[in-house]
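Student: I would like to learn how to read a model of this kind step by step, beginning with how its chains meet. Could you take me through it?

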Amino acid sequence: MEATFMAALTGLTSIGGYYVGVKLLHLPTVGLGAAIGKMLESVGMVLIFLAVNLVLALMIVLLARGVTGAFVSAYVTDDSVWLGLSAIQGLAFQWWRGIAATSTAGE
Amino acid sequence: MGSRVDRVARLIGLIGVVGFLVTAFTPLAHRLNLATAVPAELVPSDAIVVLGAWVSPSGTLSSESLRRTNHGIALYRRGLAPTLVLLGGSASGGPSEADARAEQARLHGVPAQAILTETRVRTTREEAARVKELLQSKGARTILLVTNAGHLARARPLFERAGFHVYPAPSDSFVEASSPESRLELMRVLVREFFGWLFYRVAGYI
């Protein structure tokens, strides 16, 4: 029930967003596919940063255990904050690339 | 170079978005949990061993810790073993998980002399080693091992290596999660346990 409600509501707001884009902002409908592609690239970049962060964190934990002999919990990698931090990194990186590409094209 | 990075990122993004939607809005995580779960074998044993989960610095048991504790207490009250072993260290110097669990067990009628606690354990591997020390003197050979189903795949071989005959007693309710958030949480637990199992395999612990 909860899942159906959430899916239905986000479906409705997506239709609302499409309507606002086409009727009020006069956005070309052909650009929607490319925009979804860009969204997927951004999500992908966030996941790449997440994977790199988690692998590095685990390596540092194991290295710290091996070198110091002290116990460091591997559960440090089991935290939602990694996803938030990786989102900030991934989105900033993608925007940086996008702005650089626009600047280069304009020269 | 740029377009190749974009293509790879787009593919990973597509997998991520589809994975997120399928996990949140279908029973995939529940099915995976059922498919990978070790079936319960609730038979009379020498001891019930409840593995640690997490306790807050103030001594409040996490929901997973409480679920395992309650299951261990229920097994004891069914008369399946004369000894209840409760494990778990402390967070930031606060009360230990094992002591908080022992208090719960006493409140539910388990006699103090039937409870054994171990507070100096931090990993499943350490738990197996300490339980071996604790139970060896009592001549215990068979144990009912209480933890979540995903964790049992890693914990069971460790305790078998420690010399016990292990009967799995998963603490999961195996009731299908109804909210997208709980489905995502279950998938997170399954992924975490998979990597934990993989690490123990690669390291040669199991």
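**Reading the model of chain B**

Tutor: We can begin where the chains meet: 15 residues of chain B are in contact with 16 residues of chain A. Please keep in mind throughout that this is a predicted model.

Student: Which elements of chain B give two or more residues to the side that touches chain A?

Tutor: Those elements are helix H1 (2-25) and H7 of chain B, and H1(B) gives the most, with 10 residues. By class, the residues on this side of chain B divide into seven nonpolar, four polar and four charged. As a general idea, the size of an interface is often given as the accessible area lost when the parts come together.

Student: Now to the chain itself: how many helices and strands does chain B have, and in what order do the elements run from the N terminus on?

Tutor: Chain B has seven helices and five strands, and from the N terminus on they run α-α-β-α-β-α-β-α-β-α-β-α. Its C-alpha atoms fill a box of roughly 65 × 35 × 35 Å, taken along the principal axes. Of the 206 residues in chain B, buried ones make up 36%, and among contacts with a separation of 6 or more, 70% come from residues 24 or more positions apart.

Student: How should I read the strands, and in which sense do S2(B) and S3(B) pair?

Tutor: One looks at the bridges and at the direction in which the strands run. Strand S2 (residues 84-87) of chain B and strand S3 (residues 115-118) pair in the parallel sense over four bridges, with Leu87(B) standing opposite Glu118(B) in S3(B). S1(B) and S2(B) also run parallel, joined by three bridges, and here Val49(B) stands opposite Val85(B) in S2(B).

Student: What do these strands make together with the helices H3(B) and H4(B)?

Tutor: S1(B), H3(B) and S2(B) make a right-handed β-α-β unit, and S2(B), helix H4 (residues 97-107) and S3(B) make a right-handed β-α-β unit as well.

Student: Which way do the residues of S2(B) point, and are they buried or exposed?

Tutor: Leu84(B) and Leu86(B) point one way from the strand while Val85(B) and Leu87(B) point the other way, and all are buried.

Student: For contrast, why does Pro57(B) count as exposed?

Tutor: The idea is to count C-beta neighbours, and exposed residues are those with 12 or fewer within 10 Å. Pro57(B) has 11 inside that distance, so it counts as exposed. Its place is in the loop between strand S1 (47-50) and helix H3 (63-77) of chain B. Leaving aside neighbours within four places in sequence, Pro57(B) is in contact with Ala91(B), Ser92(B) and Gly94(B). The C-alpha atoms of Pro57(B) and Leu21(B), 36 residues apart along the chain, are separated by 35 Å.

Student: Finally, how are two helices compared, and at what angle do the axes of H6(B) and H7(B) cross?

Tutor: One considers the approach of the axes and their crossing angle. The axes of helix H6 (residues 149-161) and helix H7 (residues 180-202) of chain B come within 9 Å and cross at roughly 5°, and the two helices are therefore roughly parallel to each other. The contact is made by Gly150(B), His151(B), Ala153(B) and Arg154(B) of H6(B), and by residues of H7(B) including Leu190(B), Trp197(B) and Tyr200(B). By class, this contact has five nonpolar, three polar and two charged residues.

Terms used:
Residues numbered from 1 in each chain as written. Chains lettered and ligands numbered in written order. Predicted model: local features only at pLDDT ≥ 70, side-chain atom pairs only at ≥ 80, totals over all residues. Buried ≥ 20, exposed ≤ 12 C-beta atoms within 10 Å, placed from the backbone. Contact = placed C-beta atoms within 7 Å. Axes fitted to C-alpha atoms, helices over the stretch in contact; angles between N-to-C directions. Parallel < 35°, antiparallel > 145°, perpendicular 65-115°, else oblique. Nonpolar A, V, L, I, M, F, W, Y, C, P; charged D, E, K, R; others polar. Pairing = 2+ DSSP bridges. Right-handed = clockwise from strand over helix to strand, strands pointing away.
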